[in-house]
Amino acid sequence: MITCWSWWWEAENDQDKLIARTLLTISALSLVFLCYKWVSFYTKKATTSLPPGPYGLPVVGYLPFLGTNLHEIFTNMAHRYGPIFSLQLGRKLHVVVNSIDLVKVVARDLDNSFANRSPPITGLTITYGGASILWSNNNTYWRNLRKLLVSQVLSNANLKASQSFRTNEVKKTVHDVYKKIGEKMDINEIVFNTEVNVVTSMIWGRSKSEGGLEASHIGDRFREVEMKIVKLLGTSNISDFFPVLSRFDLQRRNQEMQRHLEYVDRIFDNIIEKRIKDNSCKMDEEDERKDLLQILLELKDKKDTETSFNMLQIKALLTDVIGAATDTTSTMVEWVMAEILNNSNVMQQVQDELTNVVGMNNIVEESHMNKLTYLDAVIKETFRLHPPLPLLINRCPDESCMVGGYTIPKNTIVYMNVWAIHRDPNNWTNPLEFKPERFLNGKWDYNGNNMKFLPFGLGRRMCPGIALGDKMLMYILASLLHSFEWKLPKDDEFELCDEFGLVMKKRKPLVAIPTQRLPNDSQFQVFGTKQANRMKLVWSPEMATKAFMDTVKSCEVYQGSSVKELISAMAAGWNARFIIETWCHSDVITTSIGLAVASTHTFGRHLCIVPDEDSRAKYVAAMEKLGMSPEVVVGDPETVVNGLEFIDFLVVDSRKNDFDRIIKAAKFGHRGAVLVCKNANLTAAADFRLRSLFDDGGSRRIVRSVFLPVGNGLEIAYVAAVESWAGSDETKKRRWIKRVDRQSGEEFLIRK
Ligand code: HEM
């Protein structure tokens, strides 16, 4: 019998087994002594009409008979007992709801009554006594915290403004995979790392961007501990079923969680302490960018009891968000990759779509996402078959309620079996088949509007991170599938079995081998990395001179103005890592040569946008004559530019009709950018026109511009470095702030 205990009692050593046997013996003895109680208990059950369910033993209830994969076991039980059933596990009554109609009653009609949680003991420990959104009860504190997360961190404006964090991390991931081409890779591990970096950037990004705390500084150990925390939260604990035993912590689960908490707590303390010190040196705090940590620290000092938080609650929220965002996303990416690798025609269709939408000469950008409808359908179909939280997160009624004609007593632990609903033949035809086409009609979203499909839950406790989760999933998957071909290792046995936990993972981690798919090696380099973006463009006369001289040499055969050398020197001198130009077959080629030369000095990427295939052929032929192999994209320049990010250096032709549109569409790097308009003296009032394109109330600003009478005139503008990741209005203000040198006590006034 010991084997079937494994879900609630994972015996790791002899002592564990001994305790398990002792409990079983006590339970058997109790059977005799508590016979009377048992009979009366079930008589009572009948009179109060609890949902039907299996009988269990006294004291332990049905616990000893429960297997490991709860979602499957509960689905089988629903076939036997009906769409709602109950089971006594230890001292706690559990109810499982398995149909759309009854889920609607619990999470829609009676949403307010069922809005509490029943946190596991380890969940309470890691969230400083349940002070997190996830495990809080439905009260003012939970509402305020959730409102804060939704409005300050996960708002549309903030998600847009924090795009660079996601882009940087995903590009770094692509770069890391590229370095390991041909090797076996654990997909979950790669994505987990990416996600931890994205989320921690959003939480304490200011500390990171100030150079104090790089993700790498926190290191792999932090990621390792996070993984262990999530695993432990999904592992059963006898203390949860017998609260009276919790003080003994028989399985030492809580002790282990306590150790993880101490580690995470130290990291949080360091970050918070540093931030408080930094804040105390600043006279004008309003002038600083606000990440979640900053917002929370400001609220902490508020006297208003409704919105103020103490330090433990702040740390609980940080743990909450990191935990909720990371494992779910990485697990889903793993499932999607597994399903795609198992269905070669799906892989083909996904990659065809990527080729059409993104193009083989481009890397994926977030702006492509809403055009990737097939990939979106593939993700949704995977969510249907493998919802990462198959039973959502438990709900707990704060009063006795009626559901489906049965009584659910106050404080019962209620699960909604989304896994069963997603595979119910009454809801889906051929439910076990992987058919992304089901989701191609555009009628499906993640907001719980259609109750057949609930991967993010529903009602007031529904996941608040849908938008971020969806963005990250699409972006990571599109990037991995566009940049690489993936194969399963020959010697590995492939399967699609799942393993129950708070987050349901693949039983056997997915390992796959990447090979290069995109033609240009430069597409795998990291442009616009955090490090690069942290710095402003800095002028290097040495680089400028070298590029100038090399352009002169490369263009010996070409006569004419010195525009090419000048532009090349500027691009190299400003150390531009991402250079974009537009070109068509009537233009001179020399500027392109100058830019290509500059990119070799900066080790950057030079990309030319041409309007048609004819232009591409001419451009490539002219460049190849000089031994250059350019990266060219055919397309409408505005559309192409719109899909690119972190442009450091942009060259456009003032004569062209699409001049205004291209500049408006351009997304410049955070460290600033240089904009060069050729043929500017053919255009009236170029400076005025240029400034008007930037005067859009956004974060873009021209620092200075100059007209040079070379060639047909060059209008050169220096675009300001942007520090608007928090998307707040503060970045638009320019103020004097005071900084104090802690050693000398000297005060400096700095214009921000
Ligand atoms: C693939 C990604 C994700 C999936 C599948 C997912 C799924 C879920 C589910 C099923 C719930 C429970 C809903 C319920 O009880 O009805 C939940 C809760 C939650 N999720 Fe997510 N989630 C994801 C990503 C995220 C992200 C990116 C964040 C935040 C940054 C986040 C934050 C939360 C929080 C704070 C809760 C607790 C809400 C509450 O109790 O009020 N999740 N998530």
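Let's start at arginine 252, which is partly exposed, because 15 other C-beta atoms lie within 10 Å of its own, a count between the limits of 12 or fewer for exposed and 20 or more for buried. Arginine 252 sits in the loop between α11 (238-241) and α12 (253-280). Its backbone is worth a look: phi is positive, at about 60°, although the residue is not a glycine. Do keep in mind as you browse that this is a predicted model.

A companion case is asparagine 575, another residue with a positive phi that is not a glycine, this time at about 55°. You will find asparagine 575 in the loop between α21 and β11 (578-582). Is asparagine 575 buried or exposed? With 22 C-beta neighbours inside 10 Å, asparagine 575 counts as buried, because the threshold for that class is 20 or more.

Stepping back for a moment, the chain holds 26 helices and 19 strands. Of its 752 residues, 45% are buried. If you look at contacts with a separation of 6 or more, 74% of them come from residues 24 or more positions apart.

Now to the ligand. There are 26 residues around the ligand, and Ala324, Gly457, Cys463, Gly465 and Gly469 come nearest. Two helices that each supply at least two residues of this shell are α14 (311-342) and α18 (466-483). Which helix gives the most to the shell? That is α14, with 7 residues. Sorted by class, the shell has 18 nonpolar, 5 polar and 3 charged residues.

These two helices also pack against each other. The axes of α14 and α18 are 10 Å apart and make an angle of about 40°, which means that α14 is oblique to α18. The crossing of α14 with α18 is right-handed. On the α14 side, the residues that meet α18 are Ala325, Thr328, Thr329, Met332, Val333 and Val336. Their partners in α18 are Leu468, Gly469, Met472, Leu473, Ile476 and Leu477. By class, this contact divides into 9 nonpolar residues, 3 polar and no charged ones. Gly469 thus turns up in the helix contact, and it is also listed among the residues that come nearest to the ligand.

A second helix pair lies further along the chain. Helix α21 (residues 563-573) and helix α22 (residues 590-602) have axes that come within 8 Å and cross at roughly 25°. Because angles under 35 degrees count as roughly parallel, α21 is roughly parallel to α22. This crossing, too, is right-handed. From α21, the residues in the contact include Val563, Lys564, Glu565 and Ile567, while α22 brings Ile593, Leu595, Val597 and His601, among others. The residues of the contact divide into 8 nonpolar, 6 polar and 2 charged.

Let's finish with one residue of that pair, isoleucine 593, found in helix α22. Isoleucine 593 is buried, because 24 other C-beta atoms lie within 10 Å. Leaving aside neighbours within four places in sequence, which residues is isoleucine 593 in contact with? They are Thr551, Ser554, Cys555, Lys564 and Leu626. Lys564 belongs to the α21 side of the helix contact described above. For a sense of scale, isoleucine 593 and glycine 53 are 540 residues apart in sequence and 77 Å apart in space, C-alpha to C-alpha.

How values were computed
Residues are numbered from 1 along each chain as its sequence is written. This is a predicted model: local features need pLDDT of at least 70, side-chain atom pairs count only at pLDDT 80 or more; totals for chains, interfaces and linings use all residues. Axes are lines fitted to C-alpha atoms, for helices over the stretch in contact, and angles run from 0 to 180 degrees between N-to-C directions. Helices (H or I, at least four residues) and strands (E, at least two) are DSSP runs, numbered from the N terminus. Angles under 35 degrees count as roughly parallel, over 145 as roughly antiparallel, 65 to 115 as roughly perpendicular and the rest as oblique. A crossing is left-handed if the near helix is turned anticlockwise from the far one by less than a right angle, and right-handed if clockwise. Two residues are in contact if their C-beta atoms, placed from the backbone, lie within 7 Å. Ala, Val, Leu, Ile, Met, Phe, Trp, Tyr, Cys and Pro count as nonpolar, Asp, Glu, Lys and Arg as charged, and the others, Gly among them, as polar. A residue is near a molecule or strand if its C-beta atom, placed from the backbone, lies within 6 Å of it.
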